[in-house]
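Trainee: I would like a close look at one part of this structure, the charged side chains that pair up. Please take me through them slowly, and then show me what lies around them.

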Amino acid sequence: LSFELGGKIRRPDWWLDISAYRSEISNNITQAFGTFEGEEYFDFNQNGTFEPEERVLVNVSDGSAYVTGIEIEGWCHLARVWDRLPEGLSLHGGFAYNYGNDRTRDEPLRHVHPPYAVLDLRYEHPTGRWWVEFGTMIVGESDRIPSDRIASDPGMRRNPQDITSPL
């Protein structure tokens, strides 16, 4: 079940979109340690020894969760707002933030993105034949990581080759 509420403002020289949402999730799919063809691990390096990062993970459909967030996007023709700027100069930007929680495990929801923003400054020649654009994406820290992902995903470590490496 999802709910979304938003609004749009449109003007000749600028526009703005804002929306907020919430999704309630039942039968949330999570990962758990399991077996494959009776084995609890897959010996990737074929050394005959069980290693924690070789455990079999299976998808389990259980529990409940939610995701809530906000998205903002806007555009402005800068020269029409401030006449000292060249015609054809515009600014476009967006921001997104979401927060998810697995209620069953009382942990952050897996695969929820950190906050991020995009910002683009564009100049389009009056003939429309060419343009140049400078853009950036700013991403916040991904610090809400569920414990099962920390334990099972070497990519979440500073040194993915070392299972004892900290986040």
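Mentor: Start with aspartate 102 and arginine 105, whose side chains form a salt bridge with an N to O distance of 3.1 Å. Keep in mind that this is a predicted model. The general idea behind such a pair is plain: side chains of opposite charge can pair when their charged atoms come close.

Is aspartate 102 buried or exposed? Its relative accessibility is 4%, and because buried means under 20%, aspartate 102 counts as buried. Arginine 105 has a relative accessible area of 33%, so this residue is partly exposed. The bridge therefore joins a buried aspartate 102 to a partly exposed arginine 105.

Now move to arginine 103. Which residue does arginine 103 pair with? The partner is glutamate 24, and the closest N and O atoms of the two are 2.9 Å apart. Glutamate 24 sits in strand β2, residues 14-26, while arginine 103 sits in the loop between β6 and β7, so this salt bridge ties together parts that are 79 residues apart in sequence. Arginine 103 is partly exposed, at 38% relative accessible area. Glutamate 24 is partly exposed as well, with a relative accessibility of 25%.

Glutamate 24 has another partner to look at. Its side chain also meets that of arginine 22 in a salt bridge, at 2.8 Å from N to O. Arginine 22 has a relative accessibility of 29%, which means that this residue counts as partly exposed. Glutamate 24 thus takes part in a bridge with arginine 22 and in a bridge with arginine 103.

How many salt bridges does the structure hold? The count is 8. Elsewhere among the charged residues, Asp13, Arg80 and Glu87 are linked by salt bridges into a network.

Next, the surroundings. Strand β6 covers residues 89-102 and gives the largest share of the lining of the second largest pocket, 4 residues. That pocket holds about 150 Å³ of space. It is lined by 14 residues, and the closest to its centre are Asn98, His113, Pro114, Asp143 and Arg144. Sorted by class, its lining has 7 nonpolar, 4 polar and 3 charged residues.

The largest pocket has a volume of about 210 Å³. Its lining also consists of 14 residues, with Ile29, Thr30, Gln31, Arg110 and Asp148 the closest to the centre. Two strands, β3 (29-33) and β7 (107-108), each supply at least two residues of this lining. Strand β3 gives the most, with 3 residues. The lining of the largest pocket divides into 4 nonpolar, 5 polar and 5 charged residues.

Finally, set the charged pairs against a part of the surface with another character. Leu91, Leu119, Leu121, Trp130, Val132 and Phe134 form a nonpolar patch there, and together they have about 540 Å² of accessible area. Strands β8 (116-124) and β9 (131-139) each supply at least two residues of the patch. One of the patch residues, valine 132, is found in strand β9. Valine 132 has a relative accessibility of 34% and therefore counts as partly exposed.

To go back to where we began, look once more at the bridge between aspartate 102 and arginine 105, and then at the one between glutamate 24 and arginine 103.

Conventions
Residues are numbered from 1 along each chain as its sequence is written. This is a predicted model: local features need pLDDT of at least 70, side-chain atom pairs count only at pLDDT 80 or more; totals for chains, interfaces and linings use all residues. Side-chain values use heavy atoms; hydrogens and water are left out. On a 1 Å grid over the protein atoms alone, a cavity is a set of points where a 1.4 Å probe fits but cannot get out, and a pocket is an open set with protein on both sides within 12 Å along at least five of seven lines; lining residues have an atom within 4 Å of a point. Grid points are joined across faces, edges and corners, and a volume is the space filled by probe spheres set on the points. Ala, Val, Leu, Ile, Met, Phe, Trp, Tyr, Cys and Pro count as nonpolar, Asp, Glu, Lys and Arg as charged, and the others, Gly among them, as polar. Patches are made of residues with over 30% relative accessible area and no salt bridge: like charges are joined within 9 Å, nonpolar side chains (Val, Leu, Ile, Met, Phe, Trp, Tyr) within 5 Å. Accessible areas come from the Shrake-Rupley method with a 1.4 Å probe; for residues, only the protein chains shown count as cover. A salt bridge is a side-chain nitrogen of Lys or Arg within 4 Å of a carboxyl oxygen of Asp or Glu. Buried means under 20% relative accessible area, exposed over 50%, partly exposed in between (1.4 Å probe, protein chains only).
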